[in-house]
Amino acid sequence: MWFLFLLITIFSISYRKIYMDYNATTPLAPEVIETVKEAMYEAWGNPSSSYEAGQRAKKIINEARESLAKMVGGSFQDIIFTSGGTEANNLVIHSAVENFMKSNKQSTVATKESHEEKTLGTLPHIIISCIEHDSVRLPVEHLVKEQKAEATFVPVSKVTGRVEVDDVVAAIHPTSCLVSVMLANNETGVVMPISELTQQIKVINHKRKASGLPWILVHTDAAQMIGKGRVDVQDLGVDYLTIVGHKFYAPRIGALYVRGLDMNTPLHPMLFGGGQEWSFRPGTENTPMIAGLGKAAELVNENSELYEAHMRKVRDYLEERLETIFGRQNINFNCRLEGSKRLCNTCNFSILGSGLQGWLVLSRCRTLLASVGAACHSEKGDQPSAVLLSCGIPYNVAQNAIRLSVGRDTSKEDVDLIVEDLKQAVAELQ
């Protein structure tokens, strides 16, 4: 009997699953789970109600808003809760287009009064990078298809993997109204030069104002950076910043930072209802999820440097082990791009050789849980990542790519196990 028990124990340890796909999603932190449970029991009231249960819920929401504002360096009144990053990104694009149309209409009326038929142009122009998340790219493409906007998709540098400031500036038109560039890429981990970009656009905006051209708003999707590196909207200089809870151990809920909400930066609601969130995002608030988001933000505020240092240490150890096991000549780190900073937790690599496509290697792994790239593109099978190809990674190398992203609790022991797992998978395929 004891021998059977031993075998079962060995088998369970041998095939213990190790998760290394934290850029796709994160589990809820234990503290977050407790906060959500507590809110479900004790703050079930409608936050708009005046009685105790409702006011308790309202207090929790306000505390969460304060924690999120602190996390990104903003103000309490600049945070709007949303259902997630997709809604926040769509809200920004919708607002920029609505603001342009409103301003253009006012300009047309003014010129008619002065007996001049001169307008800024008929369609708003949006600039985004070619590697944006689908929740940015697809609404922009839809607007273009419906002939409601024009757009420029700026490529990334094949050397740095970054969206270069000069390329964005070169794409600006007289009718440009929005620039949206992610803060960090989820596949390569490359951090984009957002601060430098906003500094350039600030200068351009002052010139445009004197010429009567529309103000260019700047948005960044910070989904991948929060919890892995410093995020400060004052340093970044952006008008909008997207917050995605499930990327930093919070529930699947999100928020949008808007600089000087509706006073300095326009926000046009996509929904109409009971007036919650200052009528910019109406609907009875999801108090437990907001509470969880606030708790996750609080954890980041208290432990961000600790989290970042741990993940970088484990990520670096992972890359050392991969080089040792497979040999430097047999591995390509797609995330090491010249002159670029990258996320502390992300390692994108290819094991070189025929028949070693990333998805095929992962399918032979018994321990490792990971992906070849963005989770939302997993159905593309053995097609290489468009992000990697745009960064200049050769087709045959990009085909073999695997993205590993470590988390707050990933250990060196975990790394040792998954590297051995990868070694065994490659040996089987060869």
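This passage describes two buried residues, one helix pair and the cysteines of a predicted model.

Ser-176 lies in strand S5, which spans residues 176-180, and the residue is buried, its relative accessible area being 1%. The side chain of Ser-176 is joined to that of His-125 by a polar contact of 2.6 Å. When residues up to four places away in sequence are not counted, Ser-176 touches His-125, Ile-127, Ala-171, Arg-208, Pro-214, Trp-215 and Ile-216, so that His-125 appears both among the residues touched by Ser-176 and as its partner in the polar contact between side chains.

Helix H3 (residues 52-72) and helix H9 (residues 287-326) pack with their axes coming within 8 Å, and these axes cross at roughly 35 degrees; the crossing of H3 and H9 is left-handed. On the side of H3, the contact is made by Ala-57, Ile-60, Ile-61, Ala-64, Ser-67, Leu-68, Lys-70 and Met-71, whereas H9 contributes Thr-287, Ile-290, Ala-291, Leu-293, Gly-294, Ala-297, Glu-298, Val-300 and Asn-301. Sorted by character, the residues of the contact between H3 and H9 comprise 11 nonpolar, four polar and two charged; the charged residues are Lys-70 of H3 and Glu-298 of H9.

Cys-347 is located in strand S10, formed by residues 346-351, and is buried, with a relative accessible area of 0%. Although Cys-347 and Gly-189 are separated by 158 residues in sequence, their C-alpha atoms are 7.6 Å apart in space. With neighbours within four places in sequence left aside, the residues in contact with Cys-347 are Arg-315, Leu-318, Glu-319, Leu-322, Phe-333, Cys-335, Ile-402, Arg-403 and Leu-404. One of these contacts is therefore with another cysteine, Cys-335, which is likewise buried, at a relative accessible area of 2%.

The contact between Cys-335 and Cys-347 does not amount to a disulfide, because the sulfur of Cys-335 is 4.8 Å from that of Cys-347, its closest cysteine sulfur, which is too far for a bond when a disulfide requires the two sulfur atoms to be within 2.5 Å. Cys-130 is likewise unpaired, because its sulfur is 7.8 Å from the closest cysteine sulfur, in Cys-391, and this too is too far for a bond. Cys-130 counts as partly exposed, at 34% relative accessibility, whereas Cys-335 is buried. By the distance rule, the count of disulfides in the model comes to zero.

Methods
Residues are numbered from 1 along each chain as its sequence is written. This is a predicted model: local features need pLDDT of at least 70, side-chain atom pairs count only at pLDDT 80 or more; totals for chains, interfaces and linings use all residues. Side-chain values use heavy atoms; hydrogens and water are left out. Helices (H or I, at least four residues) and strands (E, at least two) are DSSP runs, numbered from the N terminus. Buried means under 20% relative accessible area, exposed over 50%, partly exposed in between (1.4 Å probe, protein chains only). A polar contact is a pair of N or O atoms within 3.5 Å; within protein, one must be able to donate a hydrogen and the other to accept it, and residues adjacent in sequence count only if both atoms are side-chain atoms. Contact means heavy atoms within 4.5 Å. Axes are lines fitted to C-alpha atoms, for helices over the stretch in contact, and angles run from 0 to 180 degrees between N-to-C directions. A crossing is left-handed if the near helix is turned anticlockwise from the far one by less than a right angle, and right-handed if clockwise.
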